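Open the model in your viewer and keep the selection tool at hand. The tour goes from one selection to the next and says what is there.

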Amino acid sequence: MIKKFLMTPGPTQIPPQVLLAMARPIIHHRTAEYSELFARVNDNLKYVFQTKNEVLSFASSGTGGMESAVVNLCSPGDRVLVAAAGKFGERWRDLAQAYGLGCECLEYEYGQPVDPAGIGRSLDADPGIRAVFVTHSETSTGVVNDMQAIGAAVAGHPAVLVSDSISGMGSAEIRTDEWSVDVVVAGSQKALMIPPGMAFVSVSEKAWALAERSKSPKFYFDWLKARKGLSQPQPQPTTAFTPAVSLVVGLDAALSLIREEGLENLFARHIVLGRACRAAVKALGLELFSPDGDRSSSVTAVRVPEGIEDGRLRTLMRDKFGVQLAGGQGPVKGRIFRIGHCGYYNYTDIIVTITALELALKELGHPVEPGAGIAAAEKIFAGSLA
Ligand SMILES: Cc1ncc(COP(=O)(O)O)c(C=O)c1O
């Protein structure tokens, strides 16, 4: 019998409370019952986003939320700045180019963080830049960027700051208002603990002013339509178009779990998961690709050891031991594998994953000391669960 453990950075494991909520008979979305639930969800989203701004929701994957930011903040010909250090940073550049924006792209090596001072210098050199697009948790490398420093570098400039926090929201802290992040995009299938299919976008006053002037073509992703849905007469709040009702019901349950745990505990748990994972990987003699620091609390990226084929390792882990990991993307495809621990994860998941990793490496002929990784992880957990 194989018991499955989904250890990818999206989709992620879903709590049974959420699965049960989503199994309830569907309700209609133009009713007081739905609006009451949606109002609670919106309040709880503000709590997780750490913002007083409205958080808009769309029935799309996370990329839809990113695209909505590009088309609502900018008009064709506008100049924007992208800071990219991985696959998802590059997505901002690709989106900007698809909509005919003039895009300056600060590119950093995969595995490196973006440099907040570099962003500040680019803005000083070109005060006409409309928006700065960055990735909070770069899922392709395991790097979490310093959003506080990036916020400080952009503050005082006319540009708005937009963060792709699709894998970071709910696993690596982002204080939206305190750190002056104008637009934050999140996705449903990561630390928000529901299946794929929803994107969430918080919008500051400064960003609304741009949205009211933007001339890019848009329809479904028009933020003004979404805002109207939040404030129109009864039943309200609602969405302009049919929402993903069952996902919203699941989100309500997931956000209650987050409220119950509290943001402080939630971030502390993710930091410990990252620490344990990194300690285990190092104890097995493997090399980390993501930085060895507490900021890397969403994903642990590991270099595939010499002589091992990444595809064989991950297939063996999945098919024999039930543990699904993610591979590398772009230029690091085949060179790294990634362990996702954003969302519904605790120490048991890490112990199982490391056990499977040890067994799989051994089976593929890579020298490992059985139990070395688990012992290292256990030491971290022993200190933190006390
Ligand atoms: C940081 C980041 N940005 C963007 C995306 C794209 O999201 P989606 O695949 O939901 O469109 C992902 C998904 O893995 C992500 O982790």
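Start by selecting β13 and strand β14 (residues 336–340): the two run antiparallel and are joined by two bridges. Helices (H or I, at least four residues) and strands (E, at least two) are DSSP runs, numbered from the N terminus. Two strands pair if DSSP finds at least two bridges between them. This is a predicted model, in which local features need pLDDT of at least 70 and side-chain atom pairs count only at pLDDT 80 or more, while totals for chains, interfaces and linings use all residues. Residues are numbered from 1 along each chain as its sequence is written.

**The three-stranded sheet**

Click on G327 and look across to β14, where F337 stands opposite. Now add β11 to the selection: an open sheet of three strands appears, in the order β11-β14-β13, with antiparallel pairing. Its edge strands are β11 (299–303) and β13 (326–327), each of which pairs on one side only. Next, show helix α10 (residues 263–283), which packs on this sheet and touches β11 and β14. The direction of α10 makes about 15° with that of β11. Axes are lines fitted to C-alpha atoms, for helices over the stretch in contact, and angles run from 0 to 180 degrees between N-to-C directions. Two residues are in contact if their C-beta atoms, placed from the backbone, lie within 7 Å.

**From α10 to α12 and α13**

Keep α10 and add helix α12 (residues 347–363): the two pack at an angle of about 15°, with their axes 10 Å apart. Angles under 35 degrees count as roughly parallel, over 145 as roughly antiparallel, 65 to 115 as roughly perpendicular and the rest as oblique. α10 and α12 are therefore roughly parallel to each other. Their crossing is right-handed; a crossing is left-handed if the near helix is turned anticlockwise from the far one by less than a right angle, and right-handed if clockwise. To see the contact, select L273, A276, C277 and A280 in α10, which meet Y347, I350 and I354 in α12. This contact of α10 with α12 has seven nonpolar, no polar and no charged residues. Here Ala, Val, Leu, Ile, Met, Phe, Trp, Tyr, Cys and Pro count as nonpolar, Asp, Glu, Lys and Arg as charged, and the others, Gly among them, as polar.

Which way does helix α13 (residues 372–385) run against α12? The axes of α12 and α13 come within 9 Å and cross at roughly 170°. That makes α12 roughly antiparallel to α13. On the α12 side, select Y347, I350, I351, I354, T355, L357 and E358; on the α13 side, select G373, I374, A377, F381 and L385. By class, the contact of α12 with α13 has nine nonpolar, two polar and one charged residues.

**The seven-stranded sheet**

Clear the selection and show the strands in the order β2-β10-β9-β8-β5-β3-β4, which form an open sheet with mixed pairing. The edge strands here are β2 (54–58) and β4 (102–107). From one strand to the next, the twist averages 20°. Zoom in on strand β5 (residues 131–135) and strand β8 (residues 160–164), which pair in the parallel sense over five bridges. One point to check is A131, which stands opposite V160 in β8. α4 packs on this sheet, touching β3 (79–84), β4, β5 and β8. The direction of α4 makes about 160° with that of β3.

**α3 and α4**

Add helix α3 (residues 62–73) to helix α4 (residues 87–98): their axes come within 10 Å and cross at roughly 50°. α3 and α4 are therefore oblique to each other. In the contact, T63, M66, E67 and V70 in α3 meet R91, W92, L95 and A96 in α4.

**The ligand and two backbone stops**

Select the ligand and the residues around it, among them G10, S61, T63, F88, T135, D164 and G187. A residue is near a molecule if its C-beta atom, placed from the backbone, lies within 6 Å of it. The shell divides into two nonpolar, nine polar and one charged.

Step from G10 to P11: the peptide bond is cis, with omega near -5°. P11 is in the loop between β1 (5–6) and α1 (16–22). Finally, select Q50, in the loop between α2 (32–49) and β2. Phi of Q50 is near 55°, a positive value in a residue other than glycine. Most residues other than glycine have a negative phi, and most peptide bonds are trans.
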